[in-house]
Amino acid sequence: MLTVFSSRFGEIKADPDKIINMTSPFLGFPDSRRFILIPHGEDTPFMWLQSLDDPQLAFVVIPALTLVPEYQPVLPAQTRQELKAGAEDELNILLLLTIPHSNPQKMTANLLGPLMINPEQRLAKQIILDPNRWDPRWPVFTDDGK
Amino acid sequence: MLILARKPGEAIAVGDGIKIRVLEIKGGQVKIGIEAPNDIAVHREEIYLRILEENKRAALETPADFASLATAFSRSRGKLDIPSATEK
């Protein structure tokens, strides 16, 4: 077990076999390459993506299809190669959520820059999709609060 | 910053695999052709900046607790076989 400190969870014991390595880091966070997924709870699809290199850095993520069933983006060429995935291997898609402190109902999902994960190799990369098609601030809830 | 003057049709080589060619200059706009290896991602800068900004917002805004919202999703379920941490 690898023991690291995180500001949100305190000490985390991370199984080295479960560490997810970024093949290229998140834009804006060049120094974080190793992450671990921590489920938010038993009965929810939300997860924390906690950096093992920066105690302060954690994203809230959700499997894309849980949120947007029709989400089937065209992957940039080389995504599979970079993640060492064969043509048949299944990749997981996670969406990063932005949840405003003051108004969580306004949470948005980044459909433009999803995180692709090869679960077999535990390699991940944030890809950039077609900006004409996908919204980086897609509202999770409709305005009337439904 | 390196500054080079180029005419339409002329190019700049970056390393071995990247060529940036000025194709056309018209009405205050420049058309640029970029040849790069497949593993080099090429995007308009503003798209990069949108992703970067959204990543920063996502990391900063994250609340300490969103249990009430999380339960709203408890009925829907995605297929999930991503390795995740078992211990805190």
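**Exercise 1. Chain B from the outside in**

Task: Start with the accessible surface of chain B, which comes to about 6,600 Å²; work out what share of this surface belongs to carbon and sulfur atoms, then describe how the chain is built.

Solution: Keep in mind that we're working with a predicted model.
- Step 1: Carbon and sulfur atoms hold 54% of that accessible surface.
- Step 2: Now go inside. Chain B has 88 residues, and 24% of them count as buried.
- Step 3: Tally the secondary structure: three strands and two helices. Reading from the N terminus, their order is β-β-β-α-α.
- Step 4: Check the contacts with a separation of 6 or more in chain B: 0% of them come from residues 24 or more positions apart.
- Step 5: Try one pair of residues as a spot check. B:E46 sits in helix α1 of chain B, and 30 residues separate it from B:D16 in sequence. In space, their C-alpha atoms are 26 Å apart. As for its surroundings, B:E46 is partly exposed, because its relative accessible area is 46%, which falls between the 20% and 50% cut-offs.

**Exercise 2. The largest pocket**

Task: Find out how much space lies in the largest pocket, and say which residues and elements line it.

Solution:
- Step 1: The volume first: the largest pocket holds about 430 Å³ of space.
- Step 2: Its lining has 20 residues, and those closest to the centre are A:K125, A:Q126, B:A41, B:H43 and B:Y48.
- Step 3: Map the lining onto elements. Chain A gives two or more residues from each of α2 (79-82) and β10 (123-126), and chain B does so from α1 (45-61).
- Step 4: Sort the lining residues by kind, and you get 11 nonpolar, six polar and three charged.

**Exercise 3. Two unusual phi angles**

Task: A:K84 and A:R122 aren't glycines, so look up their phi angles and place both residues in chain A.

Solution:
- Step 1: Recall the background: most residues other than glycine have a negative phi.
- Step 2: A:K84 has a positive phi of about 55 degrees, and A:R122 also has a positive phi of about 55 degrees.
- Step 3: Place them. A:K84 belongs to the loop between α2 and β7 of chain A, while A:R122 is in the loop between β9 (115-118) and β10.
- Step 4: Check accessibility. A:K84 counts as exposed because it reaches 57%, with the cut-off at over 50%. A:R122, at 24%, is partly exposed.

**Exercise 4. Two side chains that reach backbone nitrogens**

Task: For A:D89 and A:S51, decide whether each is buried, partly exposed or exposed, and find the backbone nitrogen that each side chain approaches.

Solution:
- Step 1: Begin with A:D89, in the loop between α2 and β7 (92-98) of chain A. A relative accessible area of 31% makes A:D89 partly exposed.
- Step 2: The side chain of A:D89 comes to 2.8 Å from the backbone nitrogen of A:G86.
- Step 3: Look further along the chain. A:N118 is 29 residues away from A:D89, yet their C-alpha atoms are separated by 8.0 Å.
- Step 4: Turn to A:S51, in strand β5 (residues 47-51) of chain A. With a relative accessible area of 1%, A:S51 is buried, since buried means under 20%.
- Step 5: A polar atom of the A:S51 side chain lies 3.0 Å from the backbone nitrogen of A:D53.
- Step 6: Finally, list the neighbours. Leaving aside residues up to four places away in sequence, A:S51 touches A:S32, A:R34, A:F35 and A:L57.

Note on methods:
Residues are numbered from 1 along each chain as its sequence is written. Chains are lettered from A and ligands numbered from 1 in the order in which they are written. This is a predicted model: local features need pLDDT of at least 70, side-chain atom pairs count only at pLDDT 80 or more; totals for chains, interfaces and linings use all residues. Side-chain values use heavy atoms; hydrogens and water are left out. On a 1 Å grid over the protein atoms alone, a cavity is a set of points where a 1.4 Å probe fits but cannot get out, and a pocket is an open set with protein on both sides within 12 Å along at least five of seven lines; lining residues have an atom within 4 Å of a point. Grid points are joined across faces, edges and corners, and a volume is the space filled by probe spheres set on the points. Helices (H or I, at least four residues) and strands (E, at least two) are DSSP runs, numbered from the N terminus. Ala, Val, Leu, Ile, Met, Phe, Trp, Tyr, Cys and Pro count as nonpolar, Asp, Glu, Lys and Arg as charged, and the others, Gly among them, as polar. Buried means under 20% relative accessible area, exposed over 50%, partly exposed in between (1.4 Å probe, protein chains only). Contact means heavy atoms within 4.5 Å. Accessible areas come from the Shrake-Rupley method with a 1.4 Å probe; for residues, only the protein chains shown count as cover. A polar contact is a pair of N or O atoms within 3.5 Å; within protein, one must be able to donate a hydrogen and the other to accept it, and residues adjacent in sequence count only if both atoms are side-chain atoms.
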